[in-house]
Amino acid sequence: MDGPETDFNLKVVLVSFKQCLTEEGEVLLDHYIASWKGLVRFLNSLGAVFSFISKDVVSKLQIMEHLRKSPQYEHYTSLQSMVAYEVGNKLVDIDRSSRSRYPNSGCRTVLRLHRALHWLRLFLEGLRTSPEDARTSTLCSDAYNATLAAYHSWIIRQAVTVAFCALPTRKVFLEAMNVGSSEQAVEMLGEALPFIEHVYDISQKLYAEHSLLDLP
Ligand SMILES: CCCCCCCC/C=C\CCCCCCCC(=O)N[C@@H](COP(=O)(O)O)[C@H](O)/C=C/CCCCCCCCCCCCC
């Protein structure tokens, strides 16, 4: 894990989720995208074995950036305005039976990231609360099985399982966050996790209210 990719502080990335939220509880998409970009940097620092995962995230972030630069960009300011615009104008493929007309809708794309945020939330909580000798591969796969696995094909689940074996130990992982000792990293996770949880909970409620949690 050498090189310029480690030259940043994960606290900045995790706390950046705080900036996604306005006082009114809107989730700002520019900040949401920026937070994910920070996570991708960290993922890339873990090694090439994770590149198939980061490529998928990057492609989803590119879809969102494209929407933010499109003539309709104003509708993509927040998660709430995006849902209102796309649902209101029938720009989302709601079920598998309908022909796939909007494979790159913002609602569908953010849903994939939102599910991944659920994985991240559980993984970080596991990392924070586990004993020193806990295996990161187990923490990671427990979080994965409780969240993303249900949405992935057999082949992806196998590839992910192999990648988890390449994760560093819990101590190395915590130190790779560049926030000091592993104890300080655990403390930082306790401070930063509520921001991620807040963004996740608001997004989950919004998607549930519009029956968008199962978009194909
Ligand atoms: C202190 C610890 C900090 C940890 C920070 C880790 C950085 C996390 C960065 C990214 C997390 C993974 C995001 C995964 C997004 C997956 C989105 C998805 O579900 N895509 C699938 C469906 O998309 P569509 O086909 O419907 O468009 C796609 O099929 C998946 C492709 C690639 C595999 C995704 C595997 C996800 C594994 C999650 C665990 C990541 C382990 C990272 C290790 C730290």
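A residue belongs to the shell around the ligand if its C-beta atom, placed from the backbone, lies within 6 Å of the ligand. Keep that in mind for the tour. One more thing before you click: this is a predicted model.

**Stop 1: the whole protein**

Show everything as a cartoon. You'll find nine helices and zero strands, so the pattern along the sequence reads α-α-α-α-α-α-α-α-α. The radius of gyration is 17 Å, close to the 17 Å that the globule rule gives for 216 residues, so the protein is as compact as a globular protein of that length. Turn it around: the C-alpha trace spans about 50 × 40 × 30 Å along its principal axes.

**Stop 2: colour by confidence**

Now colour by pLDDT. The protein averages 93, and 95% of the residues score at least 70. Next, select residues 1–6. Here pLDDT stays under 50, and the model has 10 contacts beyond four places in sequence for this stretch. For the complex, the predictor gives an ipTM of 0.97 and a pTM of 0.95.

**Stop 3: the ligand**

Select the ligand and the 24 residues around it. Which of them come nearest? Look for Leu39, Leu43, Asp56, Arg112 and Ala116. Two or more residues of the shell come from each of helix 2 (29–45), helix 3 (51–69), helix 5 (106–129), helix 6 (136–146) and helix 7 (154–164). Which helix gives the largest share? That's helix 5, with six residues. Try colouring the shell by class: you should get 21 nonpolar residues, three charged ones and no polar ones.

**Stop 4: helix 4 against helix 5**

Stay with helix 5 and add helix 4, residues 79–88. Two packed helices are described by the angle between their axes and the distance between the axes. In this pair the axes come within 9 Å and cross at roughly 140°. The two helices are therefore oblique to each other. To see the contact, show side chains for Leu79, Met82, Val83 and Glu86 of helix 4, then Gly106, Cys107 and Val110 of helix 5. By class, this contact has five nonpolar residues, one polar and one charged.

Methods. Residues numbered from 1 in each chain as written. Predicted model: local features only at pLDDT ≥ 70, side-chain atom pairs only at ≥ 80, totals over all residues. Helix = DSSP H or I, 4+ residues; strand = E, 2+ residues; numbered from the N terminus. Nonpolar A, V, L, I, M, F, W, Y, C, P; charged D, E, K, R; others polar. Axes fitted to C-alpha atoms, helices over the stretch in contact; angles between N-to-C directions. Parallel < 35°, antiparallel > 145°, perpendicular 65-115°, else oblique. Contact = placed C-beta atoms within 7 Å. pLDDT = per-residue confidence, 0-100. Rg over C-alpha atoms; globule rule 2.2 N^0.38 Å.
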